[in-house]
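Q: Could you take me through one helix and the sheet it packs on, slowly and in one go? I'd like to follow along in the viewer.

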Amino acid sequence: MRQAVDVNVDAMLEDLRTLVEIESPSRDTEALAASAKAVAAVIENRLGGQATLVESEAGPHVHWSAGGDPKILILGHHDTVFPLGTLERRPFMVADGQATGPGVFDMLGGLVQAVHGLATLDDLSGVEILMTADEEVGSRSSRALIEERALACGAVLVVEGAADGGGLKTGRKGCGTFRVSIAGRASHAGLEPAAGVNALIEASHQVLDIAALGRPEVGTTVTPTVASAGTLDNVVPAEATVIVDVRVESADEKERIESAFAALAPHLDEARIAVQGAISRPPMPESASVELFAVARRLLPGLEGRAVGGGSDGNFTAALGVPTLDGLGAVGGGAHADHEFLVIDAMAERANLVAGLVHAVQHA
């Protein structure tokens with residue numbers, strides 16, 4: 001078995017600082033173009049070769065290949081959920097054993113660790129890296145590329161942040177968003193309330209119907225998260241919308257939920273309903289990670305694996321039947337929150353874990 005090699009934590013932190021200080025909010029194609037160039041530069045500086053920027057409507061995806069027959073894909077993303085200007089309020093900092101700043105945990109830290117881990121290997125043949133620009137907003141422009149490279153390589157390591165306590169993510173729920181639009185009819189709320197069709201009342205009925213679709217005993221959660229209705233305080237609302245977050249653990253539940261949303265029917269006469277959305281990320285079954293997780297446990301005895309509710313691009317690769325192991329990135333927490341942090345003392349160990357897994361797949 002490959003022995004762990006010392007990696008330079010200070011150098012990892014400098015690369016992390018470079019990426020964090022660029023800022024890379026999803027859907028900001030100008031910012032993502034600058035981020036992609038910086039990611040490519042980090043990869044090229046540490047690993048050699050040339051990274052390719054794959055242009056898309058969401059921004060550039062970064063793809064790097066060491067050449068040779070594809071064997072393993074290192075998968076992640078360089079977009080973050082934080083808007084431009086977050087850095088001014090919450091700058092990159094290193095203190096008290098932690099690195100903080102927008103995107104350090106989700107998931108620029110994992111990106112940097114993976115690159116530095118790979119740099120310790122003498123042979124990188126068959127290794128590919130893909131860092132996409134739109135994971136946080138559904139991976140619509142990158143999914144086909146992700147699936148193509150995963151099938152070509154035959155094994156995927158996802159360098160998203162670790163589970164609580166540093167565990168790996170051995171399973172993930174499928175997830176998706178639905179938008180329920182309700183059309184009613186406006187009228188004067190004081191003079192002719194009965195002449196209208198109150199879209200807000202209809203939305204209230206729909207919220208209760210939708211929430212009842214959840215089956216937490218089998219891992220299915222259906223959570224209305226955002227609602228809007230109405231225009232003025234004296235007008236019966238003619239329109240309303242409800243946004244719903246859905247998580248499922250099985251393909252059967254995915255089918256049931258999508259069918260249920262398609263079958264939603266109005267309660268009020270003359271109200272109309274339109275539904276958009278789907279469970280866009282299929283479930284990542286724990287069976288997809290069994291082989292790779294066993295290797296990880298040999299490299300780090302006692303390492304825990306957990307099935308989690310959040311989705312990642314590993315959902316797509318696992319659904320194809322490609323062995324996939326997730327949560328190999330930073331140890332820390334606070335994803336998408338102001339207290340996001342990365343544990344510095346874990347960086348070298350995680351870099352070496354990625355390198356060890358790559359070495360094992362190369363020599364399997």
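A: Happy to! Let's begin with a term: a polar contact is a pair of N or O atoms within 3.5 Å; within protein, one must be able to donate a hydrogen and the other to accept it, and residues adjacent in sequence count only if both atoms are side-chain atoms. Helices (H or I, at least four residues) and strands (E, at least two) are DSSP runs, numbered from the N terminus. This is a predicted model, where local features need pLDDT of at least 70 and side-chain atom pairs count only at pLDDT 80 or more, while totals for chains, interfaces and linings use all residues. Residues are numbered from 1 along each chain as its sequence is written, and side-chain values use heavy atoms, leaving out hydrogens and water.

Now to helix α6. N198 caps its N-terminal end, with a side-chain oxygen 2.9 Å from the backbone nitrogen of L200. The end C-alpha atoms of α6 are 18 Å apart, which agrees with the 18 Å that its 13 residues should span at 1.5 Å a residue (1.5 Å times one less than the number of residues).

The buried residues of α6 (under 20% relative accessible area, 1.4 Å probe, protein chains only) are A199, E202, A203, Q206 and I210. Seen down the helix axis, they fall within an arc of 100°, so they line one face of α6; the arc is taken from the directions from the axis to the C-beta atoms. Their cover includes β9, β10, β11, α7 and β12, with contact meaning heavy atoms within 4.5 Å.

Those strands form an open antiparallel sheet in the order β10-β11-β9-β12, pairing where DSSP finds at least two bridges between two strands.

Note on methods. Buried < 20%, exposed > 50% of the residue type's maximum accessible area, 1.4 Å probe, protein only.
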